Amino acid sequence: MMICPDCALSLSVTDPLRCSVCAWQGEMREGIPVYLSKSDREDPTLKEYLENYRRLSNDDLDKSILDERYIENQAANLANCVGDDLEGSEICDIGTGKGMLAKALLARGAKTVTVVDVSLVYLKRLREVPNILPVLANAENLPFAETFDVVVSTDVMEHVLNVGSFLFALNRSVKKGGIVYIRVPYRESLLRYSTHLGCSYRFVHLRSFNKDTLRIYLED
């Protein structure tokens, strides 16, 4: 079900962009529903973060930051991990980017794929794709509770500001008995993301992972 980003209570099916309890009000932005909490909208750090990713995604669409063949292969690899038996599944793709993974999951039989991103320009490219449902939301405060059979997160957890809130939001979004698939860079050097060394963006990869840290996060 959809839940309010402010009070976490269920939203009306007929009016999912307004909370009748706390008066939170969402918006439609160029055909995309926006589910940002009041605190997210007012937080100066998050405002800078969102602007950072607006600029990054525009640059990426102008000239792909990563080789698109690599992105397609990575999408196919993760889709293979999720499996071929997805008939009728409702899936959420967190940090969808160009939507390659979402399309791969639909090809394997998913009923719908809800694609979440903080970049409007990425989401606008997917709004006319059948059975793909774009949502602009903060991955640390997703507007879902026990909604999806499968949640996938591709190279997102290294970007978020608060890992604990991110994992809480993913766990809350999946149905009981559902599965969350998370992919992250492994034992990565972060020097390449230093502005002193030419990186154009303040917020890129904010942390690295190894087996021990991932086990602690996911078991907890």
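Leaving aside neighbours within four places in sequence, which residues is cysteine 22 in contact with? They are Cys4, Asp6 and Cys7. The model behind this answer is predicted.

**Around cysteine 22**

Cysteine 22 sits in the segment before β1 (27–29). Its relative accessible area is 32%, so it counts as partly exposed. Aspartate 117 is 95 residues away from cysteine 22 in sequence. In space, the C-alpha atoms of these two residues are 25 Å apart.

**Overall build**

The chain holds seven helices and seven strands. Their order along the sequence is β-β-α-α-α-β-α-β-α-β-β-α-β-α. A compact globule of 220 residues would have a radius of gyration near 17 Å, and the chain agrees, with 17 Å. The C-alpha trace spans about 50 × 45 × 40 Å along its principal axes.

Of the 220 residues, 48% count as buried. Among contacts with a separation of 6 or more, 59% join residues 24 or more positions apart. The accessible surface is about 11800 Å². Carbon and sulfur atoms account for 50% of that surface. Charged side chains number 26 positive and 31 negative. The centres of the two sets lie 2 Å apart.

**Two nonpolar cores**

The largest nonpolar core has 28 residues. Within it, Ile94, Val116, Met157 and Phe166 touch the most other members. Elements giving two or more residues to this core are β3 (90–94), β5 (132–137), β6 (148–154) and α6 (163–173). The largest share comes from α6, with five residues. A second, separate core has 26 residues, including Leu36, Ala75, Ala79 and Leu123.

Valine 116 deserves a closer look. Neighbours within four places in sequence are set aside here. Valine 116 then contacts Cys92, Asp93, Ile94, Gly95 and Thr96, among others. Its contacts also include Leu123, Val135, Ala137, Leu142 and Phe144.

**Helix α4 and the glycine after it**

How many of the eight residues of helix α4 (residues 100–107) are buried? Six are, so the helix is largely enclosed by the rest of the structure. The buried ones are Met100, Leu101, Ala102, Ala104, Leu105 and Leu106. Their cover includes α3 (68–82), β3, β4 (112–117), β5 and β6.

Glycine 109 follows α4 and has a positive phi, near 105 degrees. This glycine lies in the loop between α4 and β4. Is glycine 109 buried or exposed? It is buried, because its relative accessible area is 17% and the cut-off is under 20%. Not counting residues up to four places away in sequence, glycine 109 touches Leu86, Glu87, Gly88 and Ser89. Cysteine 199 is 90 residues from glycine 109 in sequence, and their C-alpha atoms are 39 Å apart in space.

**Loop residues compared**

Most residues other than glycine have a negative phi. Aspartate 155 has a positive phi of about 55 degrees although it is not a glycine. Arginine 187 is not a glycine either, and its phi is positive at about 50 degrees. The table sets out the places and relative accessible areas of four loop residues.

| Residue | Loop | Relative accessible area | Class |
|---|---|---|---|
| Serine 37 | between β2 (32–35) and α1 (38–42) | 2% | buried |
| Glycine 109 | between α4 and β4 | 17% | buried |
| Aspartate 155 | between β6 and α6 | 26% | partly exposed |
| Arginine 187 | between β7 (174–183) and α7 (211–219) | 65% | exposed |

Which residues does serine 37 contact, leaving aside neighbours within four places in sequence? They are Pro5, Asp6, Trp24 and Asn141. Asp6 is also one of the contacts of cysteine 22. Serine 37 and glutamine 25 are 12 residues apart in sequence. Their C-alpha atoms are 8.7 Å apart in space.

Conventions
Residues numbered from 1 in each chain as written. Predicted model: local features only at pLDDT ≥ 70, side-chain atom pairs only at ≥ 80, totals over all residues. Heavy atoms only, no water. Helix = DSSP H or I, 4+ residues; strand = E, 2+ residues; numbered from the N terminus. Rg over C-alpha atoms; globule rule 2.2 N^0.38 Å. Buried < 20%, exposed > 50% of the residue type's maximum accessible area, 1.4 Å probe, protein only. Contact = heavy atoms within 4.5 Å. Areas by Shrake-Rupley, 256 points an atom, 1.4 Å probe, with all protein chains shown as cover. Lys, Arg positive; Asp, Glu negative; His and termini not counted. Charge placed at Lys NZ, Arg CZ, Asp CG, Glu CD. Core = buried A, V, L, I, M, F, W, Y, C linked by side-chain atoms within 4.5 Å.
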